[in-house]
Amino acid sequence: MRGQTNLLALAVALVLLTGATVVGVSLADSALAGADRDPVERHAAAAVADRLTAADSPITVRANALNDSRVETLNASRLAELAPPATEGDVRVALGGRTLVSRGSPGGGWTVRRSVVVVDRSGVVVTPANLTRRSTVRIPRGVGRANVTLDPGPNTTVRSVSADGRVVLYDGAGLNTTATVRLSRYEPTTLRVGTGANATGRIEVTYRRPVVDERILTVTVDA
């Protein structure tokens, strides 16, 4: 009788040990699967964020500076073209808390955050000036080009226009035109018209003044 009891206890112990082993192996498999998945998600999220904020990205004006109107053109297919790692799982791209692109239903995964600025160039500034009163126009920082329209008055010859001392327009016979000039956007620029003391006429300078807004770009990939 005592021997039968011992055999029964041994059988129960073996059953419990087998169950514990199965559970342990399952948990280990799950942990390994998660460990394998995280690097993929982390790499994909970082690669997508890097591509979107690169200086040569189609949606930036320079590194980490997004063009507001181009950002609005992003969709799932466009994102896949720009950043192929975005196809490695469900993905969501948000800017300042607003979702720009979402494919699938990323419920977890890995999220990368980047501090960026968003540049809006939709505002047009027109600055006219009378050549009788002054021959300079001040343009603020951040403007990379401007349209200059010259309309000299009678007996006035405008031969040159310079930007901070650099000649950007010149005609020895006289300027009477509209032309685009390139400027340094890293500092304010002074446009100066080369005229005599008794000049008459007008100059009109047109440019798009950028409005810059700091935001956080987040990229989540759930593989």
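**Two open sheets, a pocket and a charge over a ring**

In this predicted model, Arg42 lies over the face of Trp110, at 5.0 Å from the ring centre; a charge is taken to sit over a ring if NZ of Lys or CZ of Arg is within 6 Å of the ring centre and within 35 degrees of the ring normal. A search of the whole structure for aromatic pairs finds 0, where rings of Phe, Tyr and Trp (its six-membered ring) pair if their centres lie within 6.5 Å. Residues are numbered from 1 along each chain as its sequence is written, and side-chain values use heavy atoms, with hydrogens and water left out. Because the model is predicted, local features need pLDDT of at least 70 and side-chain atom pairs count only at pLDDT 80 or more, whereas totals for chains, interfaces and linings use all residues.

An open sheet of 4 strands, paired antiparallel, follows the order S6-S13-S8-S11; strands are DSSP runs (E, at least two residues) numbered from the N terminus, and two of them pair if DSSP finds at least two bridges between them. Strand S6 (124-130) and S11 stand at the edges with a single partner strand each, so one side of each is left without a neighbour in the sheet. Neighbouring strands of this sheet are turned by 20 degrees against each other on average, direction ignored, the axes being lines fitted to C-alpha atoms. Strands S8 and S11 run antiparallel and are joined by 5 bridges, and Arg145 stands opposite Arg182 in S11.

These two arginines recur in the largest pocket, since Arg145 and Arg182 are, with Arg121, Gly144 and Arg208, the residues nearest its centre among the 16 that line it. On a 1 Å grid over the protein atoms alone, a pocket is an open set of points where a 1.4 Å probe fits, with protein on both sides within 12 Å along at least five of seven lines, and lining residues have an atom within 4 Å of a point. The elements that give two or more residues to this lining are strands S8 (145-152), S11 (178-182) and S13 (201-208). The lining divides into 5 nonpolar, 5 polar and 6 charged residues, with Asp, Glu, Lys and Arg counted as charged and Gly among the polar. About 390 Å³ of space lies in this pocket, the volume being that filled by probe spheres set on the grid points.

A further open sheet of 4 strands has the order S7-S12-S9-S10, again with antiparallel pairing. Strand S7 (136-139) and strand S10 (166-170) are its edge strands, each pairing on one side only. Strand S9 (residues 160-163) is joined to S10 by 4 bridges, and Ser162 stands opposite Val167 in S10.

Definitions and conventions
Axes are lines fitted to C-alpha atoms, for helices over the stretch in contact, and angles run from 0 to 180 degrees between N-to-C directions. Rings of Phe, Tyr and Trp (its six-membered ring) pair if their centres lie within 6.5 Å; planes under 30 degrees apart count as stacked, over 60 as edge-to-face and the rest as tilted.
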